Amino acid sequence: MDRHSKQFGFNVAAPFRAATLAMALAAATSAQAADNGLQRYSPGVGGSDMSSPVVPGWYGQVALVSYHASKLKGNDGEAARAALPTNAAVTYQADIHADARAALTRLTYISTERIWGGNLGFTVMIPLVQRKADLSVSNFNFPTGTPGPIRAGTIDQVARTANAQDSKSTGIGDIELSPVIHWEIGDHQSASFAPTIVVPTGDYDATRRANAGYGNFFTFRPSFQYAFIGDGWDLAARTVLSFNTRNKDNGYFSGHMFNLDWQAMAFVSDDVRVGVQGYFVRQLTGDTQDLNGFSASRVAELGGRKVIVDGSKASVNAAGPAIAWIRNGGEFMLEGKLLQEFNARNRTEGQSLWVTLSKPL
């Protein structure tokens, strides 16, 4: 919600400007902390591949994911609400139907070269992404005594402005590049470290809500994962930190993020494991937007204020069932899982379906 909006009375003779209402909707949906509510790490991507056997050689992986969300949560965990810039006494619920489908294709090489006691390698991930975002509004709250025609006209104008912001994009996303160090610790344990750089190669338009790419900025994303396999259990976790530069196209700085992917799988046969997987997402620093240096027309197009300090931080948890088939201890791995999000703050809350195939080449 835009807490900086000035309060003005109704003007029954003047229609609401579409640009003004667009800014109100943008303010409401900015309850999704981070630029357009997105982050560059795909929470939930880590699964049984985190504990699969790794020896020197080439590896290929394709992770297919379909994500859908119909809830947009605010800082209190309730449905996000916004106020009209022309009258802060008029509030409404901002709704979003967000869909993302992606094929995350990864190629990894582990060499026989040793560094810090582990095997040195390299990995690259190229995503093919389709995103769709449909905005709508509901649950209007008007001051007592507001005339019926004003209510109807306001609801109609806000709804049409929301519909005009619907968008869809398909294309190659942002490429990830990283060296890798992998350790086989012994006693059924392993660990890996990957200091990833994410490059803004995906298609992106700062005025469009749904984009294949995340924006014109870089992300440094170190990750560390640990796995244990023994006594009929397959346990693993991956911690990820994301540090972003400022988006050059809209002056937006998405706060730093922490992700934790985890799994707890039990052996039901030599090849098949079942269990639960999930993730935690926590935003560590708030978002800001600095439009100093942008043209006046661009400032108006992107929100109308040169410096915005939002301060809201996104968070969400997710968990769900998973099943993995790991043939002959690593000949290939096929895994499926369904993850449901809960306790979301300042972002969407939905569910994702994953199917992942990993194979030595």
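K132 stands opposite K168 in strand β5, a convenient place to enter the sheet of this predicted model, where local features need pLDDT of at least 70, side-chain atom pairs count only at pLDDT 80 or more, and totals for chains, interfaces and linings use all residues. Residues are numbered from 1 along each chain as its sequence is written, and side-chain values use heavy atoms, with hydrogens and water left out.

Strands here are DSSP runs of E with at least two residues, numbered from the N terminus, and two of them pair if DSSP finds at least two bridges between them. By that criterion, β4 pairs with β5 (residues 167-172) in the antiparallel sense, over six bridges. An antiparallel pairing also links β4 to strand β6 (residues 175-186), this time through seven bridges; within it, V124 has L177 of β6 as its bridge partner. A third antiparallel pairing, of 21 bridges, brings together β3 (residues 87-115) and β4 (residues 118-141). Here R101 faces Q130 of β4. The hairpin of β3 and β4 has two residues between the strands, and W116 takes a positive phi near 55° there.

Two residues of these strands invite a closer look. The first to be described is R106, which belongs to strand β3. Is R106 buried or exposed? Neither word fits: R106 counts as partly exposed because its relative accessibility is 24%, and that class lies between buried (under 20% relative accessible area) and exposed (over 50%), using a 1.4 Å probe and protein chains only. Contacts, defined as heavy atoms within 4.5 Å, connect R106 with Y59, G60, Q61, T123, V124, M125 and E176, once neighbours within four places in sequence are left aside. Y59 is 47 residues away from R106 along the chain, yet their C-alpha atoms are separated by 8.2 Å.

Polar contacts are pairs of N or O atoms within 3.5 Å; within protein, one atom must be able to donate a hydrogen and the other to accept it, and residues adjacent in sequence count only if both atoms are side-chain atoms. The side chain of R106 forms one with the side chain of T123 at 2.9 Å, and another with the side chain of E176 at 3.4 Å.

The other residue, H182, is found in strand β6. With 5% relative accessibility, H182 counts as buried. Which residue does the side chain of H182 meet in a polar contact? The partner is the side chain of E184, at 2.7 Å. Beyond its neighbours within four places in sequence, H182 touches V54, G118, N119, S190, A191 and S192.

Methods
Helices (H or I, at least four residues) and strands (E, at least two) are DSSP runs, numbered from the N terminus.
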